[in-house]
Structures are given as structure tokens and as C-alpha cells.
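Hi everyone, thanks for coming. I'd like to walk you through one model today, so let me put it up on the screen.

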Amino acid sequence: MITTKQKLKDYVFLEIRNEDCEQKFISGWGPGGQKVNTAQNAVMLRHLPTGIVLKVHESRLLSKNVEIAFERMKFAVDRHFNGDYCYEEQFKRMEKERETRNKLKRQKHREMKQQLQSEDATDTVLKS
């Protein structure tokens, strides 16, 4: 069985170049106390052509946060330009279709099982 990600593996994202983005390193937020609030390990990334702004503070490592920010920017720019045909929307639609197919399959299986049980019950009554 082919997964949804495998079906979308040939999807081409727009290229996000470093020159098109402005990076700003800002203080972190959230739990962690003074260490988090004083360290400049969060990233604010602005895509200049579209004006999309992202703030990322997933990790304590600045390099990891920059990497995550560019990955998220890839999806945000894709959504901006492609709208309902972006990767995320296609993925959601395919997953919903897969769930619907599985739900119908399970329902048919339950109906067949119930039908067999009712046939067995009537056979037992007729033999008595």
C-alpha cells in the first residue's frame, strides 16, 4: 500500500534562498527561566518578497531553530502561492479520502460479519 507521503514525494516546493530572507536572532520565550529569556537562540525569519514572518523557538540550539524556520518557511510560501493546491492541503485531502475508504471498508466488514452471525442463528433455530 502506498502512503500519502509517497504519493506526494515528487511535489516540488519553491526555492527559498537565503538572500530572500532576513534573519533576526531574538531572545527565547517559554519555560526555562532566566537562561531562556537572556539567550539569543530564537529566530525571526522574514521572507522579503512575500512579507511572511515566522518566529521559531523549538530548540535551545540556534542552528536547529534556523533549520526549522527555513523548513516552515518553505510550507508557508507554498501555501501563499498555491493556496488550496499547496502540499499541506493536498496531503489533508488525500488523508481524508483514505480515511473515508477505510471507514467504508470497516463498515462493510461489520455488515458481513453481522449477516453471517444472523444466518448462523437462523440455521441453528431451523435445525432444532
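Let's start with the layout: the domain assignment splits the protein chain into domain 1 (18-83) and domain 2 (86-127), with bounds that come from an automatic or database domain assignment. Before going further, please keep in mind that this is a predicted model, in which local features need pLDDT of at least 70, side-chain atom pairs count only at pLDDT 80 or more, and totals for chains, interfaces and linings use all residues. Residues are numbered from 1 along each chain as its sequence is written, and side-chain values use heavy atoms, with hydrogens and water left out.

How far apart are the C-alpha centres of domain 1 and domain 2? They lie 44 Å apart. Five residues of domain 1 touch five residues of domain 2, where contact means heavy atoms within 4.5 Å. The size of an interface is often given as the accessible area lost when the parts come together. Here domain 1 and domain 2 bury about 450 Å² between them, and 46% of that is on carbon and sulfur atoms; buried area is the accessible area (1.4 Å probe) that two parts lose on being put together, summed over both. On the domain 1 side, Phe75, Asp78 and Arg79 supply 80% of the area buried against domain 2, more than any other three residues.

Now for the charges. Between domain 1 and domain 2 the count is two salt bridges, a salt bridge being a side-chain nitrogen of Lys or Arg within 4 Å of a carboxyl oxygen of Asp or Glu. Arg79 comes up again here: Glu89 forms a salt bridge with Arg79, with the closest N and O atoms 3.1 Å apart. Arg79, Glu88, Glu89 and Lys92 are in fact linked in a network of salt bridges.

The structure as a whole holds 10 salt bridges, so let me show you a few others. Glu58 and Arg72 meet through their side chains at 3.1 Å, N to O. Glu58 sits in the loop between strand 3 (52-56) and helix 3 (62-82) while Arg72 is in helix 3, so this pair ties together parts that are 14 residues apart in sequence. Helices (H or I, at least four residues) and strands (E, at least two) are DSSP runs, numbered from the N terminus.

Is Glu58 buried or exposed? Glu58 is exposed, at 54% relative accessible area, while Arg72 is partly exposed at 36%. For those words, buried means under 20% relative accessible area, exposed over 50%, and partly exposed in between (1.4 Å probe, protein chains only).

Helix 3 also carries Lys64 and Glu67, three residues apart, about one turn of the helix, and their side chains form a salt bridge at 3.8 Å, N to O. Then there is Asp20 with Arg17, whose closest N and O atoms are 3.2 Å apart. Asp20 is buried at 16%, and Arg17 is partly exposed at 40%.

Last, the cysteines. How many disulfides does the structure hold? Zero, with a disulfide defined as a pair of cysteine sulfur atoms within 2.5 Å. The sulfur of Cys21 is 18 Å from the closest cysteine sulfur, in Cys86, so it is too far for a bond. Cys21 is buried, with a relative accessible area of 9%, and Cys86 also counts as buried, at 1%.

That's my tour; happy to take questions.
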